[in-house]
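The exercises below ask for a careful reading of side-chain contacts and enclosed space, each with a solution worked out step by step. Please try every task on the coordinates before turning to its solution.

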Amino acid sequence: MLDETIREMLVEGTVATLYMTLVSTLFGYILGLPMGIVLAVTDKTGIRPNPVVYKILDFVVNLTRSIPFLILLILVMPVTKLIAGQSYGSTATIVPLTIAAAPFIGRMVESSLKEVDKGVIEAALSMGADTFTIIWKVLLAESRTSLLVGATIAVGTILGYSAMAGVVGGGGLGDIAIRYGYYRYETDIMLITIAILVCLVQFLQGIGMILAKKVDRRRA
């Protein structure tokens, strides 16, 4: 049986993992949602095609997404220390998590917006709707189910990234798994952290899918 100290550590690690995941997802959407909207709008099939803007943003997104998270984590340590005051711990890990999440979210948002029926967009344009109205009342409104499903996927991915951050003292369950499971060969603790991570992913994704279905039902 696990002693009280280990149980408290696991609880704190779970809270830290949720903290990193949810806050990083929030900041990731603050950056990634506008990014995805611009990509969808300025594409050659978008409502305001702009090849220059699209190609620049597309390059930035592809470049950032192509860097493995562990390498990105080390690469942005100076930025992390500048923003958070330190390069380790749960709060500091939010910085690289956000940087990794934003382009991923932006690409998913772009994909969701491009699924909107072109006929609906053309109808809005024919009625004289401006760009902001089409984005807000057509693109985002019509793709809300897909956006929620994308958010669910993003949360699971970011949670996985947060566990990787344990390699460099990022805190949370990943840090516990590395310190006890790898360095101390305490396999039981590592297996417990894995089980908790799996449960967290299933729980968060379950909530996301329920919300997506409710939104979809209202549309119907």
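**Exercise 1.** Which side chain meets that of R179 in a salt bridge, and what is the N to O distance?

*Solution.* The model is a predicted one, and the search starts from the side chain of R179, which meets the side chain of D175 in a salt bridge with an N to O distance of 3.0 Å. As a next step, place the two residues in the secondary structure: R179 and D175 both lie in helix 9 (residues 172-183), where they are 4 residues apart, about one turn of the helix. Finally, consider accessibility, taking under 20% as the cut-off for buried: D175, at 14% relative accessibility, is buried, whereas R179 is partly exposed with a relative accessible area of 30%.

**Exercise 2.** Which residues are linked in a network of salt bridges?

*Solution.* Begin with the total, which is 6 salt bridges in the structure. The network links D43, D58, R107, E110 and K114, and two of its contacts can be examined in turn.

- In the contact between D43 and K114, the side chains meet at 2.8 Å, N to O. D43 lies in the loop between helix 1 and helix 2 (51-65) while K114 lies in helix 5, so this pair ties together parts that are 71 residues apart in sequence. D43 is buried, with a relative accessible area of 11%, but K114 counts as partly exposed at 31%.
- In the contact between E110 and R107, the closest N and O atoms are 2.7 Å apart. Both E110 and R107 belong to helix 5 and are separated by 3 residues, about one turn of the helix. E110 is buried at 4% relative accessibility, and R107 is also buried, at 16%.

**Exercise 3.** Which residues form an aromatic pair that is stacked?

*Solution.* The structure holds 1 aromatic pair. F69 and Y161 form this pair, with 4.8 Å centre to centre and 10 degrees between the planes; because planes under 30 degrees apart count as stacked, the pair of F69 and Y161 is assigned to that class. F69 lies in helix 3 (residues 69-75) and Y161 in helix 8 (residues 144-164), so the contact ties together parts that are 92 residues apart in sequence. The accessibility of F69 completes the picture, since a relative accessible area of 5% makes F69 buried. A further ring contact involves Y180, over whose face R184 lies at 4.4 Å from the ring centre.

**Exercise 4.** What is the volume of the largest cavity, and what is that of the largest pocket?

*Solution.* Start with the enclosed space: there is 1 cavity of 30 Å³ or more, and the largest cavity has a volume of about 60 Å³. Among the residues that line this cavity are L73, M77, Y88 and V168. Helix 5 gives the most to the lining, with 3 residues, and by class the lining of the cavity has 7 nonpolar, 5 polar and no charged residues.

Turn next to the largest pocket, whose volume is about 170 Å³. Its lining has 7 nonpolar, 2 polar and 3 charged residues, and the largest share, 4 residues, comes from helix 6. The lining of the pocket includes K114, the residue whose side chain also meets that of D43 in a salt bridge.

How values were computed: Residues are numbered from 1 along each chain as its sequence is written. This is a predicted model: local features need pLDDT of at least 70, side-chain atom pairs count only at pLDDT 80 or more; totals for chains, interfaces and linings use all residues. Side-chain values use heavy atoms; hydrogens and water are left out. Rings of Phe, Tyr and Trp (its six-membered ring) pair if their centres lie within 6.5 Å; planes under 30 degrees apart count as stacked, over 60 as edge-to-face and the rest as tilted. Buried means under 20% relative accessible area, exposed over 50%, partly exposed in between (1.4 Å probe, protein chains only). A charge sits over a ring if NZ of Lys or CZ of Arg is within 6 Å of the ring centre and within 35 degrees of the ring normal. On a 1 Å grid over the protein atoms alone, a cavity is a set of points where a 1.4 Å probe fits but cannot get out, and a pocket is an open set with protein on both sides within 12 Å along at least five of seven lines; lining residues have an atom within 4 Å of a point. Grid points are joined across faces, edges and corners, and a volume is the space filled by probe spheres set on the points. Ala, Val, Leu, Ile, Met, Phe, Trp, Tyr, Cys and Pro count as nonpolar, Asp, Glu, Lys and Arg as charged, and the others, Gly among them, as polar. A salt bridge is a side-chain nitrogen of Lys or Arg within 4 Å of a carboxyl oxygen of Asp or Glu.
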